[in-house]
Amino acid sequence: MYIYLPLYLSINLSFYRLIISLSLSLSHYILTNLSPLPFDLQVLRFYGYFRQEVLHSPEEHFRIRPVVIYYHLEDNSMCVTEPPVENSGIPQGKLIKRQRLPKNQCGDLYHWKDLNIGMDMSLFGTVYRITHCDAFTQGFMESQGIELNESESIPNDPYTIRRVQAQQTHITPYDHNHQLERFLALDRQVLRFYALWDDSDSLYGEKRPVMLHYYLVDDSVDICEHHEANSGRDPFPVLLHRQKVPKHIKSSCEPFPSCVLEVSPQDVKEYFSPQDFRVGEEVTLMGRRFLLYDCDDFTRKYYEQNHPDILLKPFTVDTRTQQDITKVIPPYNGFGSLEDSLQNCLSLIPEPPKKDVIKLLENDNKVLRYMARLDSQNPLDEGRRFILSYYLSDDMISIFEKSTRNSGIIGGKFLEKTCVPKPGSSVENPEYFGPADFSIGGTVEVFGHRFVLMDADRYVLSYLESLSHHIPEHTLSSLRQKFGVSKTSDQEEQHEGKKALFGCGLCNLQS
């Protein structure tokens, strides 16, 4: 059977076959006949310079700018770069990008055979002088039979030389500056005193600890308060900003009211000096009394070197602004658990009480279950039976009442899962029931209801036997007597008590 295609489809298929065959032939020819370029990644490097004329400048007439000329052997292209000079102010870097450079006006191009040391190259109107080359270029040119000229040095730039020369300095005579001399000698040297501000004369006044700084560079003083955490004070520790404090004012200013007196330097007779601050004595600054009781090491050394006649007598004072307040926990109000209510007294945003995570993981799904009856004087409570479950993971107890037909009492949950304190324990420090308190025949009082334990799971005996050194003997004896086992036989069957808790159910409990 023959399939006839239209004419234009047959022409297109023939054209595609021709293109594919030509591409395969061309790739085969390239792979078999062409070899890598002989001068691939080989570059000749020449060093030189060009002279740039400078117009309208009285300081310089020309500049010498060094350049590096690269000749790429693989395609006979060249590029010219200028090494950058820091802070020159001249655009430097690549001056002529990589390309074939013309040698003359006839259109001839430069070849590596045309290059030599000591020759001038005119490139785009700029004449470059070749002075020397690197070792690879010299070896390549000599291997090709080209004899290189003697190397030259790049001339010095006159403007650069003039800048290197030391400038003439002129010393201007000036008067001795005592303030500058004092600044250079005493700057950042501060005397620090620890003092108590006695404000007890004012209403609700007290003694506050402060730090007094005396700056030797300008005889100024500042005072900063020392605030403790939760002191109730505003966060403004600066009691007196840095200033020169007058010690004595001229008599002409004394009749003027001191509360509105603006003291100028002309009105001050004397300012406070280091001799006026003595550790162990009281000093009055701006009408406030400060008791200096100690100083730092720098201040102590300063007085020993400069004022040995002044004796420093430090002593210890109580700098606490308030007495320690004992936190009193209020009595338990009965709402919620004791641990949960305690968290409201420890922080403004209460968090859940922390639990013993390891105990939760080790005793997860482990429950001790007992059957109990209600010890009551009411005859209607005779037939009521309860299942008391003790959870080992969090020491909580839950009680479930079994349904009895025709009893008139609806069974179900009797006590939600909670921690049950022992009767007689205090509310602030309760003592909760534990596995050691449940013995067969014993009575357990739960929030005013008395329960008599009648039976238990076999797992209870196995678990308590594993902790026999923490469990009273009468508790273990009551369980062994109930199950009719001896102490030796029960220890042999101890591994059977480690089965799943809810797998067997209360098969031994009496209905």
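The following legends describe close-up views of a predicted model.

**View 1. The largest nonpolar core and its best-connected residues.** This core comprises 30 residues, and those with the most contacts inside it are L368, Y370, I397, I399, F438 and L479. At least two residues each are supplied by β15, β16, β17 (396-401), β19, β20 (449-456), α8 (458-466) and α9. The largest share, five residues, comes from α8. In soluble globular proteins, nonpolar side chains tend to be buried together.

**View 2. Surroundings of F438.** Leaving aside neighbours within four places in sequence, F438 is in contact with Y370, L388, Y390, I397, F433, V444, L453 and T475. Elsewhere, a second, separate core of 24 residues includes V67, I96, Y128 and C133.

**View 3. Aromatic pairs, with Y370 and F438 as one of them.** The structure holds 16 aromatic pairs. The rings of Y370 and F438 are tilted, with 5.3 Å from centre to centre and 40° between the planes. Because Y370 belongs to strand β15 (residues 367-374) and F438 to the loop between β18 (412-418) and β19 (443-446), this pair ties together parts that are 68 residues apart in sequence. Y370 and F438 are both buried.

**View 4. The edge-to-face pair of F386 and F414.** The ring centres of F386 and F414 are 5.1 Å apart, and their planes make an angle of 65°. F386 is placed in strand β16 (residues 385-391) and F414 in strand β18, so the pair ties together parts that are 28 residues apart in sequence. F386 counts as buried because its relative accessibility is 0%. F414, in turn, counts as partly exposed because its relative accessibility is 30%, which lies between the cut-offs of 20% and 50%.

**View 5. An aromatic cluster and the contacts of T299.** One aromatic cluster is formed by F193, Y214, F272, F277, Y302 and Y303. T299 lies in helix α5 (residues 297-306). With a relative accessibility of 0%, T299 counts as buried. Apart from neighbours within four places in sequence, T299 is in contact with V190, L191, R192 and F193. F193 is thus named both among these contacts and in the aromatic cluster.

**View 6. Charged side chains over aromatic rings.** R51 places its charged end over the ring of F62, at 3.8 Å from the ring centre. K417 lies over the face of Y391, and the distance to the ring centre is 4.3 Å.

**View 7. Helix α9 and the residue after it.** Within helix α9 (residues 473-483), the buried residues include T475, L476, S478, L479, R480 and F483. Of these, L479 is also listed among the residues with the most contacts inside the largest nonpolar core, and T475 is in contact with F438. G484 follows α9 and has a positive phi, near 70°.

**View 8. Positive phi at R188 and M286.** R188 is not a glycine, yet its phi is positive, at about 65°. This residue lies in the loop between α4 (178-186) and β7 (190-198). R188 is exposed, because its relative accessible area of 77% is over the 50% cut-off. M286, likewise a residue other than glycine, has a positive phi near 55°. The loop between β13 (282-285) and β14 (288-295) holds M286. M286 counts as partly exposed, with a relative accessibility of 43%.

Key. Residues are numbered from 1 along each chain as its sequence is written. This is a predicted model: local features need pLDDT of at least 70, side-chain atom pairs count only at pLDDT 80 or more; totals for chains, interfaces and linings use all residues. Side-chain values use heavy atoms; hydrogens and water are left out. Rings of Phe, Tyr and Trp (its six-membered ring) pair if their centres lie within 6.5 Å; planes under 30 degrees apart count as stacked, over 60 as edge-to-face and the rest as tilted. Helices (H or I, at least four residues) and strands (E, at least two) are DSSP runs, numbered from the N terminus. Buried means under 20% relative accessible area, exposed over 50%, partly exposed in between (1.4 Å probe, protein chains only). A charge sits over a ring if NZ of Lys or CZ of Arg is within 6 Å of the ring centre and within 35 degrees of the ring normal. Contact means heavy atoms within 4.5 Å. A nonpolar core is a set of buried Ala, Val, Leu, Ile, Met, Phe, Trp, Tyr and Cys residues joined through side-chain atoms within 4.5 Å.
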